[in-house]
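Biologist: I should like to learn how to read helices, burial and contacts in a model of this kind. Might we work through some cases together?

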Amino acid sequence: MDLLPQLLIAGVVIGSIYALAALGFVLIYKSSRVINFAHGQIIATGAFIAFALTQSGLNFWLAGLIAMIATFLLGMLIERVFLRRMVGEPIISVIMVTIGLSSVIEGLIHLTPYGAGNFSFTTPAALAGDGVSVLGTQLSRTQIAGVLAALGLLAGFTYFFNKSTLGITMRAVADDQMAAMSVGTSVERVFALAWAAAGLSAAAAGVILGLMSGLTLGGLAGIGLKVFPVVILGGLDSVIGAIVGGMLIGVLENLSAGYLDGLVPGAARERCFPSSS
């Protein structure tokens with residue numbers, strides 16, 4: 001079959017995960033104008049919590065849900081202990097705190113059995129079996145479920161920001177904190193919710209990515225910086241922009257790997273998941 005459809009479909013698959021991973025940047029920046037450089041480590045934390053729970057015999061779906069709750073609480077804890085003290089400080093100081101947090105979280109993960117090595121989830125029974133052929137490209141049930149879950153979460157957050165009272169409040173705080181405080185809005189509560197929601201989305205991205213391509217600390221933590229171009233391209237405060245940017249970066253990455261790797265001496269071909277039937 002033609003290589004182009006395969007690369008395009010692979011790009012959409014990984015692009016949806018990039019968009020979900022980028023959502024954490026958007027959630028925090030949209031409410032506080034802070035860029036969280038510890039986001040990749042939070043993604044890794046959520047993925048490894050879910051993996052550890054499945055290793056103890058817990059159902060995959062329940063393990064994923066608990067991991068999302070755990071990183072939701074972790075995000076809230078980070079905001080309460082570290083970031084709330086930085087309210088009113090220069091943005092660069094807050095960013096430096098998040099860089100420090102990334103090193104601390106990664107160091108703590110290295111103290112666990114999952115700090116080194118490659119791991120993989122056992123495919124749930126519901127996702128086992130034959131997949132679906134799309135334009136001659138075979139997509140597994142895991143890939144289809146991952147894309148649908150990522151797009152569902154992205155749609156949910158888009159609705160939350162545009163339609164819910166709390167989402168509109170978060171946008172108002174981002175536009176003018178002083179004005180929001182003057183009408184009785186709790187800026188601290190909004191910041192805590194933003195960090196918590198970013199933690200939840202990070203765990204979802206980590207679990208989906210881990211299920212589709214395996215778990216390594218370097219790979220999961222590195223995704224935080226890898227998706228930074230996504231949020232720059234789509235706009236740091238735009239959920240829709242994160243979706244569009246994720247899809248574009250995913251497709252361009254796969255097209256480049258497919259058509260340009262052979263022209264670059266020593267280049268490694270790293271096209272994403274789907275394979276031709």
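Biologist: Which residues does Asn118 touch, not counting residues up to four places away in sequence?

Modeller: Before the answer, a word on the source. This is a predicted model, in which local features need pLDDT of at least 70 and side-chain atom pairs count only at pLDDT 80 or more, while totals for chains, interfaces and linings use all residues. Residues are numbered from 1 along each chain as its sequence is written, and side-chain values use heavy atoms, with hydrogens and water left out. Contact means heavy atoms within 4.5 Å. By that rule, and not counting residues up to four places away in sequence, Asn118 touches Leu215 and Thr216. Asn118 is found in the loop between H4 and strand S1 (132–134). Its C-alpha lies 14 Å from that of Gln55, with the two positions 63 residues apart in sequence numbering.

Biologist: Does Asn118 count as buried or exposed?

Modeller: Buried means under 20% relative accessible area, exposed over 50%, and partly exposed in between, with a 1.4 Å probe and protein chains only. Asn118 counts as exposed because its relative accessibility is 68%.

Biologist: How are the helices delimited, and what span does H1 reach from its first C-alpha to its last?

Modeller: Helices (H or I, at least four residues) and strands (E, at least two) are DSSP runs, numbered from the N terminus. The expected span of a helix is 1.5 Å times one less than its number of residues. H1 covers residues 3–32, 30 residues in all, and reaches 43 Å, close to the expected 44 Å. The helix nevertheless bends by about 30° at Ala22, the bend being the angle between axes fitted to the seven residues ending there and the seven starting there. Just after H1, Arg33 takes a positive phi of about 65°.

Biologist: How many of the residues of H1 are buried?

Modeller: The count is 25 of 30, and H1 is thus described as mostly covered. One residue of H1 to inspect is Leu7, which is buried because its relative accessible area is 1%. Leu7 and Leu255 are 248 residues apart along the chain, yet their C-alpha atoms are separated by 5.9 Å.

Biologist: At what angle do the axes of H3 and H8 cross?

Modeller: Axes are lines fitted to C-alpha atoms, for helices over the stretch in contact, and angles run from 0 to 180 degrees between N-to-C directions. The axes of H3 (residues 60–83) and H8 (residues 187–213) cross at roughly 145° and come within 7 Å. The residues that meet include Phe60, Met68 and Phe72 in H3, and Phe191, Trp195 and Leu200 in H8. By class, this contact of H3 with H8 has 17 nonpolar, three polar and two charged residues; Ala, Val, Leu, Ile, Met, Phe, Trp, Tyr, Cys and Pro count as nonpolar, Asp, Glu, Lys and Arg as charged, and the others, Gly among them, as polar.

Biologist: Which elements do the buried residues of H3 pack against?

Modeller: They pack against H2, helix H4 (91–110) and H8. Among these buried residues of H3 are Ala63, Gly64, Thr71 and Glu79. The end C-alpha atoms of H3 are 32 Å apart, which agrees with the 34 Å that its 24 residues should span at 1.5 Å a residue.

Biologist: How many of the residues of H8 are buried?

Modeller: In H8, 22 of the 27 residues are buried, so the helix is largely enclosed by the rest of the structure. H8 reaches 38 Å from end to end by C-alpha, close to the expected 39 Å, and is followed by Gly214, whose phi is positive, near 95°. Two residues of H8 deserve separate attention. Glu188 counts as partly exposed because its relative accessibility is 35%, and it is in contact with Glu79 and Arg84, leaving aside its neighbours within four places in sequence. Arg189 is exposed because its relative accessible area is 54%.

Biologist: Where is Gln41 found, and which residues does Gln41 touch, not counting residues up to four places away in sequence?

Modeller: Gln41 is found in helix H2 (residues 39–55). With the same exclusion of residues up to four places away in sequence, Gln41 touches Ser102, Ile105, Glu106, Ile109 and Ala221. Gln41 is buried because its relative accessible area is 7%.
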